[in-house]
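This report takes up a single protein chain and asks how its sheets are built and where empty space is left among its atoms. Please read the text beside the sequence and the model.

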Amino acid sequence: MGKVMLIFASILGLCFFTINTYAFSPSAWINGHATFYGGSDASGTMGGACGYGNLYSAGYGTRTAALSTALFNDGASCGECYKIICDFKTDPRWCIKGRSITITATNFCPPNFDLPSNNGGWCNPPLKHFDMAQPAWEKIGIYRGGIVPVLFQRVPCKKHGGVRFSINGRDYFELVLISNLGGAGSVESASIKGSKTGWMTMSRNWGANWQSNAYLNGQSLSFRVTTTDGETRVFPDVVPANWAFGQTFSSRVQFF
């Protein structure tokens, strides 16, 4: 009986280790503005400053946006999710009443200091601005309006499947795109471990791409990721030893 209880306790402890008990909480509502780009099919939103590439195949679809400097945080906000409502009380002409949409941050909207902030320089600091994929924007605004006032809050991301790791670079330079994160959505820190090494801290290269400068060819790879709300997940041997540059690997682990 004692052995059975010990096994049960061990399994229970493992379950607690793998279950997230601290779900990301929505922020307060904040005022901002929103425009759109990318065309009616959002094809012009592919790529972008976060590095997610083809947003269709990466699972982000057309519900995406480029963030202004005040929100982008030099790429640290990549992957975050925002619920956006058109401010109908402020602009009843161009807002669709009662509609909201949740988008993922996938790009950067650069400032244009040649234009005033209230006439074309929408992404100039310190403005909190979303340049949304057109299909997403048209869920809350009327096309002819062009720009609308919005209320937004950061919310938990809900993604299908687990966190994904795309390995690019070359020998002694692993450039790893960490994508499809739930919960906070954005990465605070990351570490990598080869099957023949200890844990090594990675550094943000650009957007959602993190780099390591170790020789890890022929080794299975594990990752330890901490999101911007302080939650940490370990992804043991998520990349097999026969990996090659240019491949993407999906895990079974997710943030909530």
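The text below treats the annotated spans, the two sheets, two backbone details, and then the cavity and the pocket.

The model is predicted, so local features are given only at pLDDT of at least 70 and side-chain atom pairs only at pLDDT 80 or more, whereas totals for chains, interfaces and linings use all residues. Residues are numbered from 1 along each chain as its sequence is written, and side-chain values use heavy atoms, with hydrogens and water left out.

**Annotated spans**

Two domain annotations come from an unreviewed UniProt entry: "Expansin-like EG45" covers residues 47–162, and "Expansin-like CBD" covers residues 172–251. UniProt positions are given in the numbering used here, feature names are shortened, and such annotations may be inferred rather than shown by experiment. Helices (H or I, at least four residues) and strands (E, at least two) are DSSP runs, numbered from the N terminus. The two spans are set side by side in the table.

| UniProt span | Helix | Strand | Distance between end C-alpha atoms |
|---|---|---|---|
| Residues 47–162 | 7% | 28% | 21 Å |
| Residues 172–251 | 0% | 56% | 24 Å |

**The barrel**

Six strands close into a barrel in the order S1-S5-S2-S4-S3-S6, with mixed pairing; two strands count as paired if DSSP finds at least two bridges between them. Neighbouring strands of this sheet are turned by 45 degrees against each other on average, direction ignored, where the axes are lines fitted to C-alpha atoms (for helices over the stretch in contact) and angles run from 0 to 180 degrees between N-to-C directions. Within the barrel, strand S2 (residues 64–67) runs antiparallel to S5 and is joined to S5 by three bridges, and Leu67 has Phe130 in S5 as its bridge partner.

Two backbone details are found in loops. The peptide bond from Pro125 to Pro126 is cis, with omega near 5 degrees, and Pro126 sits in the loop between S4 and strand S5 (129–133). Asp74, in the loop between helix H2 (69–72) and S3, has a phi near 55 degrees, a positive value in a residue other than glycine.

**The open sheet**

Four strands form an open, antiparallel sheet in the order S10-S9-S13-S14. Strand S10 (199–201) and strand S14 (232–239) stand at the edges with a single partner strand each, so one side of each is left without a neighbour in the sheet. From one strand to the next, the twist averages 25 degrees.

Strand S9 (residues 187–194) is joined by seven bridges to strand S13 (residues 221–227), and these two strands run antiparallel. Ile192 stands opposite Phe223 in S13, and Gly194 has Leu221 in S13 as its bridge partner. S9 also pairs with S10 in the antiparallel sense, over three bridges, and the two form a hairpin with four residues between them; Lys193 is partnered there by Trp199 in S10.

**Cavity and pocket**

Rolling a probe the size of a water molecule over the atoms shows where empty space is left. On a 1 Å grid over the protein atoms alone, a cavity is a set of points where a 1.4 Å probe fits but cannot get out, a pocket is an open set with protein on both sides within 12 Å along at least five of seven lines, and lining residues have an atom within 4 Å of a point. Grid points are joined across faces, edges and corners, and a volume is the space filled by probe spheres set on the points.

The structure holds one cavity of 30 Å³ or more, and the largest cavity has a volume of about 80 Å³. Of the 18 residues that line the largest cavity, Tyr52, Cys78, Ile178, Gly185 and Ala208 are the closest to its centre. Where does the largest cavity lie with respect to domain 1 (30–154) and domain 2 (164–250)? Both domains give residues to the lining, so the largest cavity lies between them; the domain bounds come from an automatic or database domain assignment. Its lining has nine nonpolar, seven polar and two charged residues, where Ala, Val, Leu, Ile, Met, Phe, Trp, Tyr, Cys and Pro count as nonpolar, Asp, Glu, Lys and Arg as charged, and the others, Gly among them, as polar.

The largest pocket holds about 350 Å³ of space. It is lined by 17 residues, of which Cys81, Thr102, Thr104, Lys158 and Lys159 lie nearest its centre. Strand S3 (81–86) and strand S4 (100–108) are the elements that give two or more residues to this lining, and S4 supplies the largest share, three residues. By class, the lining of the largest pocket divides into seven nonpolar, five polar and five charged residues.
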